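This report concerns one helix and the enclosed space within a single structure. The sequence and model are shown first.

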Amino acid sequence: MNAGTRTAIAAWLITAVYYFYQYTLRSAPGVMMPQLADAFGLTAMGVASMVGLFYYGYSPFSLIAGAAMDRVGPRRVIPIGAATVGFGALLFGSGNSEAASIGRFLQGAGGVFALIGAAYIATTNFPASRAAALIGATQMFGMAGGSAGQFLVGPAIASGVPWSTFWIAMGIAGLVISVVLYFLLPPSEKKAPAGGLRGSAQAMKTVFLNPQSILCGVVAGLLFIPTTIFDMVWGVRFLQDAHGFDYGTAVMRSAVVPLGWIIGCPLLGFVSDRIGRRKPVILAGAVVLFACLAWILYGPADVLPPYVLALTAGIASGAAMLPYTVIKEVNPPELSGTATGVVNFVNFTFSALLGPVFGGWLMTAKGAATDMTLEHYQIAFEPLLYGVGLAIVLTLILRETGSAAAQPRTPAPVREAT
């Protein structure tokens, strides 16, 4: 292994750790909804809307992050992103609802530099045959953070740790991570290309006008919202209200979904690289995710062993990361960062726009009832099934970009007439 490869691995690993941290903050509110509601004087719907502001920062700043990676390289922008997340966490822990709302937005705006930075480093420094596996491994770090945000934070809050203490500590950690990133990320060898903002706009135009780019973002978004909206925001409440689990059990079961991502993202990426195809793996993951969601909403409880359903759903939904590889393969290689930014933008626009919609549907289904029941959740979240079904259909028209599809077929030998 040469020095350049070792440097690239170290840079990717450091940025992936930052992604772990960012994802911990993304998922943590799901295990402290009652505490946040009391602290800010909001309803459950109000807290869900505040938490959802993360995606209003995450989605549009995906485009900025992607263009910045292509133009000036990771070292100049990733540490700024980490500092922004840390400052946002400090604002969220202030106890003031206006400051917390701004802080949540900043967490999303800064957090997007983690995934796009790690994916950019992985796809510009390693062979294309490893692209899906490396992007899956990047997401593995993120979902490990998402799982930690539930597995570890939930019991800590339940044991009496003040919610604000958690956020202030994580804010300080973000600032420390920013300094570490600045000193450990290698200097970029690239210089900003000529053209300024016009050049970045042209790069985005090139990617956006490619219909395959939009397909990648839509498929990823439809496969991702069951995790970002259903599990990470409403998962604990769903298990408590619909199935009567106590808080600790609900937290543990909900946290198994991102644990499944830890397995599914690198595994499905490895399988895709191994067979040289993307579409069959996306389709298989989407079909299994559809079946799991249908069982969660409508299947009998306690038939399957504990955690199996949530783990399987998490593994299957890891297929949502494969479009991140496809979009790079259907666009010019020099627009790698911009392509990741575009797929991330389209993907998380779904979470930003649909988060309040699902919350509103849930409140409408509840009506004047005192408590929410399984039926209320079924009415509100049944459209998730339609979304996954649509993702299956759209995957069928997605271009196959795997290495096997790019290899010309060897014609069958022609037998000479005798």
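## Helix α8 and the largest cavity

Helix α8 (residues 163-184) has 22 residues, which at 1.5 Å a residue should span 32 Å (1.5 Å times one less than the number of residues); its end C-alpha atoms lie 31 Å apart, in agreement. The model is predicted: local features need pLDDT of at least 70 and side-chain atom pairs pLDDT 80 or more, whereas totals for chains, interfaces and linings use all residues. Residues are numbered from 1 along each chain as its sequence is written, and side-chain values use heavy atoms, without hydrogens and water. Helices are DSSP runs of H or I with at least four residues, numbered from the N terminus.

| Class in α8 | Relative accessible area (1.4 Å probe, protein chains only) | Residues |
|---|---|---|
| Buried | under 20% | Trp163, Phe166, Trp167, Met170, Gly171, Gly174, Ser178, Leu181 |
| Exposed | over 50% | Phe183, Leu184 |

The buried residues of α8 fall within an arc of 135° seen down its axis (taken from the directions from the axis to the C-beta atoms), so they line one face of the helix. Phe183 and Leu184 are on the other side.

The whole structure holds four cavities of 30 Å³ or more. A cavity is a set of points on a 1 Å grid where a 1.4 Å probe fits but cannot get out; lining residues have an atom within 4 Å of a point. The largest contains about 130 Å³ of space, a volume being that filled by probe spheres set on the points. Its lining comprises 13 residues, with Ala48, Gly52, Val233, Gly355 and Pro356 nearest the centre. α3 (44-72), α10 (211-243) and α15 (336-366) each supply at least two lining residues, and α3 gives the most, five.

Technical notes:
On a 1 Å grid over the protein atoms alone, a cavity is a set of points where a 1.4 Å probe fits but cannot get out, and a pocket is an open set with protein on both sides within 12 Å along at least five of seven lines; lining residues have an atom within 4 Å of a point.
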